Protein chains: 2
Amino acid sequence: MKVSQKGLYALQALMMLTRRYSQGAIRIRDIAYEENLPEKFLELILLELKNARIVESVRGAKGGYQLRRPPEDIRMAEIIRLVDGPLAPFGDAEQLRSLIDRDEDHRALYQVFLDVRDAAAKILENTTLADLVNGPPTSVKRRSVKKNRNTSVLPMVVQGGGKEGHD
Amino acid sequence: MKVSQKGLYALQALMMLTRRYSQGAIRIRDIAYEENLPEKFLELILLELKNARIVESVRGAKGGYQLRRPPEDIRMAEIIRLVDGPLAPFGDAEQLRSLIDRDEDHRALYQVFLDVRDAAAKILENTTLADLVNGPPTSVKRRSVKKNRNTSVLPMVVQGGGKEGHD
DNA sequence: TATAATGCCTATTAATTCAATAGGCTTTCT
DNA sequence: AGAAAGCCTATTGAATTAATAGGCATTATA
């Protein structure tokens, strides 16, 4: 899975609309200015988000964009799939499952790809726009942590191959 | 993170060399034929793997390629980083950490990206070529599972946003 | 020692994707 | 009526991807 520049812009724009939720429609120009995004490119992105029923538009003078659903109901996974495609690192989940069934020689390889996509999906499905803007959902209990306080928005992820890798 | 066709070819070729480990050098042509890969493209890939000291070559007639280290010592993460770049879904881990520090408004967003990359890294760092070819390392204890036997090469991943997603 | 077999290396290419810009059309407010 | 917005399609330049091509260098062996 790869998040493109466009995907990042989409998420930033949606975070901005989340902050202004209930302030009515916001002009493209204002979103672009506040988030420092190229205006015409952003226009295309918002159009796409509108067609996917994630935002809605008000046309004409005094027009603009606003979220179509409450921020708690819009998940990162949905946005990234829309803009950048499947979450799997290769192909998509469906295809990987089929390859795991059929391609005896590479079964284990595709299974790893599927495991990676499941791990990503788990995180991205559980993170909403509200989480991104307000911090973690208060309903989620978190074990107390002594040092290295968890700054993540998410239930802490067990490290091991993470922390010290250079990427 | 995205695994390209080239990345897939690299992994397939290395799995093949793992199966023939201790059979000496294998010709590019044979790898290409057995794994059904474009021969000239594979040649470039193997060259890159050689420069990264993952495989070594024998030149001249009777030449070919073989793994340079035992299969248990070659991790998927290393191959994917080499061929397709950082494991993070956006930028790289270093950059994300820096953005989390500096970009107050988008901190939570970048933190999620980093969580995703850590989850991927954890899986890919713990999977070696030996695992891909032989199945899971015998040293890893696995909880017994009644139905839905775990076919993965890895310590089972907790689902939740995974299993039923369309991707 | 000639020759065939092989890897080494650089260049080129066609297709696709990415990031962005352009501009005319339509709708709505005032 | 005029201005201010979004709607929509087309275009573009740069980068990336997935290959292909072809000559050079090295080695085994007949």
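## A paired strand hairpin in chain B

In this predicted model, B:Glu56 stands opposite B:Gln66, a residue that belongs to strand S2(B). The partner strands here are S1 of chain B, covering residues 55-58, and S2 of chain B, covering residues 64-67, which run antiparallel and are joined by 4 bridges. Between S1(B) and S2(B) lie 5 residues, so that the two strands make up a hairpin, and in its turn B:Gly60 has a positive phi of about 75°.

## The surface near DNA strand D

The residue B:Gly60 appears again at the DNA, where B:Gly60 is among the residues that come nearest to DNA strand D, together with A:Ser57, B:Ser4, B:Gln5 and B:Pro38, out of 26 residues around that strand. By class, this surface consists of 10 nonpolar, 7 polar and 9 charged residues.

Both chains contribute elements that each supply at least two residues to the surface near DNA strand D: from chain A these are helix H2 (28-35), helix H3 (39-51) and strand S2 (64-67), and from chain B they are helix H1 (5-19) and helix H3 (39-51). Which element gives the most to this surface? That element is H3(A), with 5 residues.

## The surface near DNA strand C

Around DNA strand C there are 25 residues, of which A:Ser4, A:Gln5, A:Pro38, A:Gly60 and B:Ser57 come nearest. Two or more residues of this surface come from each of helix H1 (5-19) and H3 in chain A, and from each of helix H2 (28-35), H3 and S2 in chain B.

The largest share of the surface near DNA strand C is that of H3(B), which provides 4 residues. Sorted by class, the residues of this surface are 9 nonpolar, 7 polar and 9 charged.

## How two helices of chain A cross

The axes of H1(A) and H2(A) come within 10 Å of each other and cross at roughly 110°. Because angles of 65 to 115 degrees count as roughly perpendicular, H1(A) and H2(A) are described as roughly perpendicular to each other.

On the side of H1(A), the contact is made by A:Gln12, A:Ala13 and A:Met16, while H2(A) takes part through A:Ile31, A:Glu34 and A:Glu35. Taken by class, the contact of H1(A) with H2(A) has 3 nonpolar, 1 polar and 2 charged residues.

## Chain A as a whole

Chain A contains 7 helices and 2 strands, and from the N terminus on its elements follow the order α-α-α-β-β-α-α-α-α. Of its 167 residues, 39% count as buried. Among the contacts in chain A with a separation of 6 or more, 59% are between residues 24 or more positions apart.

Notes:
Residues are numbered from 1 along each chain as its sequence is written. Chains are lettered from A and ligands numbered from 1 in the order in which they are written. This is a predicted model: local features need pLDDT of at least 70, side-chain atom pairs count only at pLDDT 80 or more; totals for chains, interfaces and linings use all residues. A residue is near a molecule or strand if its C-beta atom, placed from the backbone, lies within 6 Å of it. Ala, Val, Leu, Ile, Met, Phe, Trp, Tyr, Cys and Pro count as nonpolar, Asp, Glu, Lys and Arg as charged, and the others, Gly among them, as polar. Axes are lines fitted to C-alpha atoms, for helices over the stretch in contact, and angles run from 0 to 180 degrees between N-to-C directions. Angles under 35 degrees count as roughly parallel, over 145 as roughly antiparallel, 65 to 115 as roughly perpendicular and the rest as oblique. Two residues are in contact if their C-beta atoms, placed from the backbone, lie within 7 Å. A residue is buried if 20 or more other C-beta atoms lie within 10 Å of its own, exposed if 12 or fewer, and partly exposed in between; C-beta atoms are placed from the backbone.
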